[in-house]
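Got your viewer ready? Here is a short walk through the model, one selection at a time.

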Amino acid sequence: MASNETATPPHAAGSMEVPLKRSAPVQTQYGSGARSFKKHAVVPTLLRVFLFATAVTGVIVMVTSKETKQIPVAPGIVISKSAKFSYSPAYVYYVATMSVAALYSFITGMILVLALMKPGGNSAKLEFHLVMLDSLLLGIVAATTGASGGVAYIGLKGNSHSKWNKICDRYGSYCLHVGASVFLSSTASVTLLLLVWLSVYALYKKIAGR
């Protein structure tokens with residue numbers, strides 16, 4: 001009696017085997033975090049280089065703001081008077097503040113460069129510390145910009161109510177140096193504001209991506 005069971009052809013048995021799909025390589029959080037940190041660290045590094053150049057230039061321009069003029073005080077009597085940045089506490093504060101800003105931008109810029117060279121790192125922790133320090137320095141630089149700008153405006157326009165005479169009509173080179181320094185400190189303030197925004201945005205992207 002013939003058996004009802006038939007042998008399965010070899011090609012049919014082979015077709016019944018389901019090929020296993022190779023799973024894609026899993027991207028580790030360490031590698032993705034490192035690449036993300038490097039992507040977000042390039043622009044802040046360049047901004048810190050620009051901040052360093054701006055702060056150093058502002059200090060040099062302010063320190064060199066010195067001019068001596070012969071001022072007539074009476075018929076036939078002329079005295080020599082000088083205008084220097086050290087005569088104003090606001091300008092001395094400016095030099096100290098911008099020197100700190102230059103040193104800070106150099107140190108933090110080197111930290112970011114080293115972080116870019118490393119394969120990984122705790123980027124969120126570093127960005128948190130940087131945004132806190134950048135915010136603090138932003139307040140200090142903005143304060144020195146306002147103080148120096150106020151004194152410079154009095155030198156340019158004077159104040160008739162307080163009987164403060166303007167001096168920029170006589171000390172033109174001195175006032176030009178001071179005005180350029182105030183402009184540079186304003187640029188440094190804007191640069192620090194951009195750094196704070198970039199750090200906050202980077203932290204937001206990390207929190208939103210979780």
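We start with the whole chain, then go to the charged pairs and end at the surface.

Before you click, know that this is a predicted model, where local features need pLDDT of at least 70, side-chain atom pairs count only at pLDDT 80 or more, and totals for chains, interfaces and linings use all residues. Residues are numbered from 1 along each chain as its sequence is written, and side-chain values use heavy atoms, with hydrogens and water left out.

**Stop 1: the whole chain.** Switch to cartoon and you'll find five helices and two strands, in the order α-α-β-β-α-α-α from the N terminus. Both kinds of element are DSSP runs numbered from the N terminus: helices are H or I with at least four residues, strands are E with at least two. Taking contacts as heavy atoms within 4.5 Å, and looking at those with a separation of 6 or more, 76% join residues 24 or more positions apart. Of the 210 residues, 33% are buried, where buried means under 20% relative accessible area, exposed over 50%, and partly exposed in between (1.4 Å probe, protein chains only). Flip on the surface: about 13800 Å² is exposed, with carbon and sulfur atoms supplying 68% of that. Those areas come from the Shrake-Rupley method with a 1.4 Å probe; for residues, only the protein chains shown count as cover.

**Stop 2: the salt bridges.** How many salt bridges does a search of the whole structure find? Two, with a salt bridge being a side-chain nitrogen of Lys or Arg within 4 Å of a carboxyl oxygen of Asp or Glu.

Select Arg 48 and Asp 134, whose side chains meet at 2.7 Å, N to O. This pair ties helix α2 (residues 29–63), home of Arg 48, to helix α4 (residues 123–157), home of Asp 134, across 86 residues of chain. Arg 48 counts as buried because its relative accessibility is 1%, and Asp 134 is buried too, at 0%.

Now pick Lys 69 and Glu 67, which bridge at 3.6 Å, N to O. Lys 69 is partly exposed at 31%, whereas Glu 67 is buried at 12%.

**Stop 3: the nonpolar patch.** Select Phe 52, Leu 103, Phe 106, Ile 107, Met 110 and Ile 111, and you have a nonpolar surface patch of about 540 Å². Patches take residues with over 30% relative accessible area and no salt bridge, joining like charges within 9 Å and nonpolar side chains (Val, Leu, Ile, Met, Phe, Trp, Tyr) within 5 Å. Helix α3 (residues 89–117) gives the most, with five residues. Finish on Ile 111, in helix α3: it counts as partly exposed because its relative accessibility is 37%.
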